[in-house]
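Hi everyone, thanks for making time this morning. I'd like to walk you through one chain, starting with a small puzzle and then stepping back to the whole picture.

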Amino acid sequence: MNTPKIGIGIISFAHGHANAYCNRMQTFDDVQLVACWDDNVERGETAASQYGLDYSPHLEEVVNHPDIDAVIVTCETNRHAEMVEAAASEGKHILCQKPMALTLEDCDRIAAIVEKTGVKFMMGYQMRRDPANIAMKELIDSGVLGKIGVLRRRHCINALFSEGFVTGLSRWHIDPEKNMGMFMDDASHATDFIYWMLGKPTSVIAEIDNILTDVAPDDTGLAVYRFAGGEMAILLNTSVTLAGENTTEIYGDQGVVIQNYGDAPSCNIPRPADAVALKLYTRDEPSWKDLGIPIPDGHGERIAGVPRPFIDCLKNDTEPDVTVEDGRVTVEMVLGAYRSAREGRRVTFPL
């Protein structure tokens with residue numbers, strides 16, 4: 001007996017990750033890409049043709065579609081709450097692009113409609129799908145590293161060096177109304193990673209500014225988060241990084257783990273044949289040990305890994321592992337950093 005395929009609708013191709021998701025879902029034998037909406041007709045029709053979707057300029061025709069079980073929300077960030085409300089009200093499950101929203105008020109709107117309707121809601125954070133990141137989480141939780149002192153995450157892109165990004169259809173990313181700033185857009189990955197690894201922070205002190213460009217509200221941010229146990233997490237995010245290598249360092253009193261090639265500027269450029277993704281040093285084995293985790297051919301592979309856990313969640317009727325609460329915490333962490341940078345002081349949580 002053939003198992004019915006899960007019908008998927010796409011709400012906007014404004015965010016480029018929608019293309020990576022659709023490309024990957026086209027390879028799934030348990031998914032049917034059904035229809036899409038986009039307020040840019042040309043963009044929507046082009047994507048519909050590419051992925052075998054029906055295009056509609058009317059949102060209600062997608063969220064009401066009888067063959068659609070779930071939608072992926074990949075519109076401009078400031079419209080996430082609006083789209084989630086529309087889809088959830090029609091009983092559609094939701095995979096939401098990061099960040100969840102630009103305000104805590106919109107995060108709470110999303111939480112309220114998800115709770116009211118009972119639909120499944122998952123955040124699209126690809127860092128949680130990366131084998132090296134999963135291994136680091138397991139090392140922390142296992143106690144191999146002992147008490148954590150410092151976690152440093154460099155999570156960067158080079159988007160603002162791209163003329164196409166700044167002037168093309170992706171230019172909404174540099175609109176403060178639609179996306180706040182590049183730190184909000186991209187550092188949300190790193191705040192989710194830090195929260196996943198260490199839990200909720202108690203405070204943050206930060207600097208966020210334009211340093212190498214002037215085309216967006218900001219191009220570089222550095223934030224130091226503190227935690228109840230005393231731990232520090234250092235987040236470095238820029239949208240003007242040409243190249244990189246070292247992405248994560250976690251220092252504990254019993255061990256140290258170092259990750260390389262964990263973001264786009266490091267993963268998408270040539271690297272040595274013997275490059276190591278993740279290595280571990282412990283008191284018990286005082287030499288660097290390659291943990292044998294492969295490096296993806298490109299950062300796009302990590303992005304394309306987002307839909308599968310969502311589909312499995314729907315098929316198996318399990319609870320999403322990246323929740324509304326997770327999405328809200330990471331937004332709050334970013335907003336706290338912006339407030340700290342703006343006011344020149346340490347900011348405590350909750351905001």
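Here is the puzzle: is Met180 buried, partly exposed or exposed? Have a look before I tell you. With a relative accessible area of 24%, Met180 is partly exposed. The cut-off for buried is under 20%, so Met180, at 24%, does not count as buried. Please keep in mind that this is a predicted model.

Why pick Met180? Its backbone has a positive phi of about 65 degrees, although the residue is not a glycine. You will find Met180 in the loop between α8 (176-179) and α9 (182-198).

There is another residue of this kind to show you. Ser12 is not a glycine either, and its phi is positive, at about 85 degrees. Ser12 sits in the loop between β1 (6-11) and α1 (17-25). Here the accessibility reads 0%, so Ser12 is buried.

Now let's zoom out. The secondary structure of the chain adds up to 13 helices and 15 strands. What about the overall dimensions? Along its principal axes, the C-alpha trace spans about 60 × 50 × 40 Å. For 351 residues, a compact globule would have a radius of gyration near 20 Å, and the chain agrees because its own value is 20 Å.

The interior and the contacts come next. Of the 351 residues, 56% are buried. If you take the contacts with a separation of 6 or more, 70% of them link residues 24 or more positions apart. On the outside, the chain exposes about 14,700 Å², and 50% of that comes from carbon and sulfur atoms.

For those of you thinking about electrostatics, how many positive and negative side chains are there? The chain carries 32 positive and 52 negative ones, and the centres of the two sets lie 5 Å apart.

On to the backbone again, this time for cis peptide bonds. One of them joins Lys98 and Pro99, with omega at about -20 degrees. Pro99 belongs to the loop between β5 (93-97) and α5 (104-117). Another cis bond runs from Phe349 to Pro350, and there omega is near 0 degrees. Pro350 falls in the segment after β15 (347-348).

How many disulfides does the structure hold? The count is zero. Take Cys22: its nearest cysteine sulfur belongs to Cys36 and is 7.9 Å away, so with a disulfide needing sulfur atoms within 2.5 Å, Cys22 is in none. Cys22 is also buried, at a relative accessible area of 0%. Cys267 is in no disulfide either, and the nearest cysteine sulfur, in Cys156, is 14 Å away. Cys267 is buried too, with 1% relative accessible area.

My last stop is Gln126, in the loop between β6 (121-124) and α6 (131-142). Which residues does Gln126 touch, leaving out those up to four places away in sequence? The list is His17, His189, His299, Arg302, Ile303 and Val306. Gln126 counts as buried because its relative accessibility is 2%. If you would like a distance to check in your own viewer, try Gln126 to Asn246: the two are 120 residues apart along the chain, and their C-alpha atoms are separated by 18 Å.

That's my tour, and I'm happy to take your questions.

Methods: Residues are numbered from 1 along each chain as its sequence is written. This is a predicted model: local features need pLDDT of at least 70, side-chain atom pairs count only at pLDDT 80 or more; totals for chains, interfaces and linings use all residues. Side-chain values use heavy atoms; hydrogens and water are left out. Helices (H or I, at least four residues) and strands (E, at least two) are DSSP runs, numbered from the N terminus. The radius of gyration is taken over C-alpha atoms; the globule rule is 2.2 Å times the number of residues to the power 0.38. Buried means under 20% relative accessible area, exposed over 50%, partly exposed in between (1.4 Å probe, protein chains only). Contact means heavy atoms within 4.5 Å. Accessible areas come from the Shrake-Rupley method with a 1.4 Å probe; for residues, only the protein chains shown count as cover. Lys and Arg count as positive and Asp and Glu as negative; His and the chain ends are not counted. The place of a charge is taken as NZ of Lys, CZ of Arg, CG of Asp or CD of Glu.
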